Amino acid sequence: MKNLLLKHVNFDSLITLFSQAPVALAMLMGDDQRVEVANNKVLELWGKDESVIGLPILEALPEIRDQEFPGILKNVYETGIPYKGDGVLAKLVRNGIITDCYFDFVYSPILDFGKITGVSVVATEVTEKVKSELKLRESELRFRNLMEISDYSTAIYRGSDLVIEFANKQMIKTWGKDLSVIGKKLEDALPELAGQPFVQILHDVYNTGRSYVAKEDRVDLVVDGVLQTFYYNFSYKALRNQYGEIYAIMNVAMNVTELVRARENLRLQSEEYSTLAEAMPQMVWTATAEGKIIYANNNMCTSLGSSPEDLVREYFATLIHPNDVRQLKQEWKTASLTKQDFELELRMLEATTGKYMWFLSRAKPVIVDGVITKWVGTCTNINEFKNLSTQKDTFLGIASHELKTPLTSLKLYAQVLERMLIKSGDEKNADLARKMDLQVVKLTSLISDLLDVTKINAGKIHLNEAYFGFDELIKETIEEQQMSTSKKIETNLVVTGTVFADKERTAQVMTNLISNAIKYSPAADRIIVSSKVQDGNVIFSVQDFGIGMPADKLEKVFDQYYRVAEDQNNTFPGLGLGLYIAAEIIERSNGKIWVESELNRGSTFYFSLPLAQND
């Protein structure tokens, strides 16, 4: 080879040409591939200097001994078949460190008169390119992994034919297919899309590059062998290569079928409820959490002579009797804070008569995540009932008042008769007269309760408030009650102080609580009366060990005419007015009354009054 070259080209000129070549060139001669020629470029790639020239390649680059290159060189030298490598990894020592390098190279045999005398090396380093490609592949792999585990259905369609290159499990499930669709055209994989707009939209995105976003679009797919309707939020986005050319479309979708169907069901239910509300004889309405009317049925609009728009614009408040507005606001505020049902009797201006009529307004809060979102309520005309109730109270008031005079006389006659019979020695008939006197006392008490109720309902009950010692009143009341019962009235009293209230009415409340404790604990032999001071209030309580009450009945015991029953067939005597009157007296005295009870374990009734602030 050398002799051949020297005949045509000066050898020094050839060496100069090799050294100036823009690619790495080397000539490895003989069986041991000695480095005969190595230009600066190849020495730079090897990380060596000119001292390696003349050395066998494995001495010049000992780090390649266990790599694939010695074997490739030997094969080219022995067979004469060139070898081309693209992006091949070589581990070379650079700056004293083994470094991963990548090369495009060609090994070719050197012939001299037909005999292989060496191997030529032409190489180009492509490390940066290969590493960039590796990073790109890693990035694509991470991206695909993310798409694979995504909760969203994701697919990539490559080329204008929309070949399915990738589809995660969610998308495969969405289509109702299996992995065999990968590599197929979308139209072939999902033939049911024919006649639907999606394929054409994908072609438009591919041709224009403009993304497409849809919300709750309907799509018909064959799932489980049945053509079914689904709804999806989805997007089509064009993917571009490094040259800005569109090469694929990414499809991301979320199944919102249940949401759409739930909303449709809600709409149908809303229509049903609206139809039901319109058919009801009562006024039906809904309001915001703050109480602003947002819906009123036709009956409400007709009865109040207002349009729905007027009621929504807070015109509703102008239809309420001025004397009831304050209580309405107070009760609404209480119901909102406690998140309890709202109930109030109030007067509203009725359109047909032009007069204020009594209505019972009830509402239930709609609570979502512990927050009131709106109210649903009704208003029922109770004007006739209120008129009858007023007439009843008037009658009871007149009757009670008229009955008190003859009862007083009857009691006097009974007492006179008792004394006369005792004086004559007729003890048997005297006892009958005494019993008659007791019955008159009971009847007088009942009539007094009826009279008190009529006064309360008419707002005419009067409290003669004054300062008095609370402890003395307790002791007096207990002494009076102990005289009329065989049960032991135990006490647990502390020094309380002075209150400002109606002494007689307060004694009436104490008497009622003690007599009730005795009456509703027939099998017990004792009750407990207690007092204490707490937060500037005196608290009086009576505990019994009787029949008790279930939790759902506790709020009713202070209602008018409510009577506690031991069972369905055994109701205790009484009109059910005592606790109602007691509650009214205490509340009008700026106090509070409440009860704690457990069925078959007894009850404890409490009331509190503010202590007088003495200098």
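The following dialogue introduces a reader to the features of this predicted model.

Q: How many helices and strands does the protein have?

A: A first look at any model takes stock of its elements. The protein here contains 18 helices and 24 strands. Of its 615 residues, 40% count as buried.

Q: What share of the contacts join residues at least 24 apart?

A: Such a share describes how the contacts are spread along the sequence. Among contacts in this protein between residues at least 6 apart in sequence, 50% join residues at least 24 apart.

Q: What is the average pLDDT of the protein, and which elements have the lowest and the highest mean?

A: The pLDDT is the predictor's confidence in each residue. The average for this protein is 81, and 82% of the residues score at least 70. Among the elements, helix H1 (residues 2-8) has the lowest mean pLDDT, 47, whereas strand E20 (residues 537-543) has the highest, 94.

Q: Where does pLDDT stay under 50?

A: That stretch covers residues 4-9. For these residues the model has 3 contacts beyond four places in sequence.

Q: How should one read the pairing of strand E1 with strand E2, parallel or antiparallel?

A: One considers the sense of the pairing, then the bridges, then the turn. Strand E1 (residues 24-29) pairs with strand E2 (residues 34-38) in the antiparallel sense, over 4 bridges. Within this pairing, Met27 has Val37 in E2 as its bridge partner. The hairpin of E1 and E2 has 4 residues between the strands, and Gly30 takes a positive phi near 80° there.

Q: Which strands are joined to E11 by bridges?

A: A strand may be read together with its partners. E11 is joined by 6 bridges to strand E15 (residues 371-381), and the two run antiparallel. In that pairing, Thr286 stands opposite Val376 of E15. E11 also pairs with strand E12 (residues 293-296), in the antiparallel sense and over 3 bridges. There, Trp285 stands opposite Ala296 of E12. The hairpin of E11 and E12 has 4 residues between the strands, and Gly291 in this hairpin takes a positive phi near 105°.

Q: Is strand E11 mostly covered or mostly exposed?

A: As a general idea, side chains in a regular strand alternate between the two faces of the sheet. In the present case, strand E11 (residues 283-288) is mostly covered, with 5 of its 6 residues buried.

Q: How many cavities of 30 Å³ or more does the structure hold, and what lines the largest?

A: One may read a cavity by its volume, its lining residues and the elements that supply them. The structure holds 2 cavities of 30 Å³ or more. The largest contains about 240 Å³ of space. It is lined by 16 residues, of which Trp46, Leu61, Phe69, Tyr107 and Val121 are the closest to its centre. The elements giving two or more residues to this lining are helix H3 (40-46), helix H5 (69-79), strand E3 (83-94), strand E4 (97-112) and strand E5 (115-125).

Q: Which residues does Ile98 touch, once those up to four places away in sequence are set aside?

A: Ile98 has its place in strand E4. Counted in this way, Ile98 touches Glu63, Lys91, Leu92 and Val93. The C-alpha atoms of Ile98 and Glu63 are separated by 8.3 Å, although the two residues are 35 residues apart along the chain.

Q: Why does Ser603 count as buried?

A: The term applies under 20% relative accessible area. Ser603 is buried because its relative accessible area is 5%. This residue is found in strand E24 (residues 602-610). A polar contact of 2.6 Å joins the side chains of Ser603 and Ser597. Beyond four places in sequence, the residues in contact with Ser603 include Val542, Asp544, Met549 and Val595.

Q: Are Asn299 and Ser211 buried or partly exposed?

A: Asn299 is partly exposed, with a relative accessible area of 23%. Its place is in helix H11 (residues 298-304). Leaving aside neighbours within four places in sequence, Asn299 is in contact with Met280, Pro281, Gln282 and Met283. Ser211, at 47% relative accessibility, also counts as partly exposed. Ser211 lies in the loop between helix H9 (198-208) and strand E8 (212-223). Not counting residues up to four places away in sequence, Ser211 touches Tyr236 and Lys237.

Note on methods: Residues numbered from 1 in each chain as written. Heavy atoms only, no water. Buried < 20%, exposed > 50% of the residue type's maximum accessible area, 1.4 Å probe, protein only. Polar contact = N/O pair within 3.5 Å; in protein donor to acceptor, adjacent residues only side chain to side chain. Contact = heavy atoms within 4.5 Å. Pairing = 2+ DSSP bridges. pLDDT = per-residue confidence, 0-100. 1 Å grid on protein atoms, 1.4 Å probe; cavity = no way out; pocket = protein on both sides within 12 Å on 5 of 7 lines; lining within 4 Å. Points joined across faces, edges and corners; volume = space filled by probe spheres on them.
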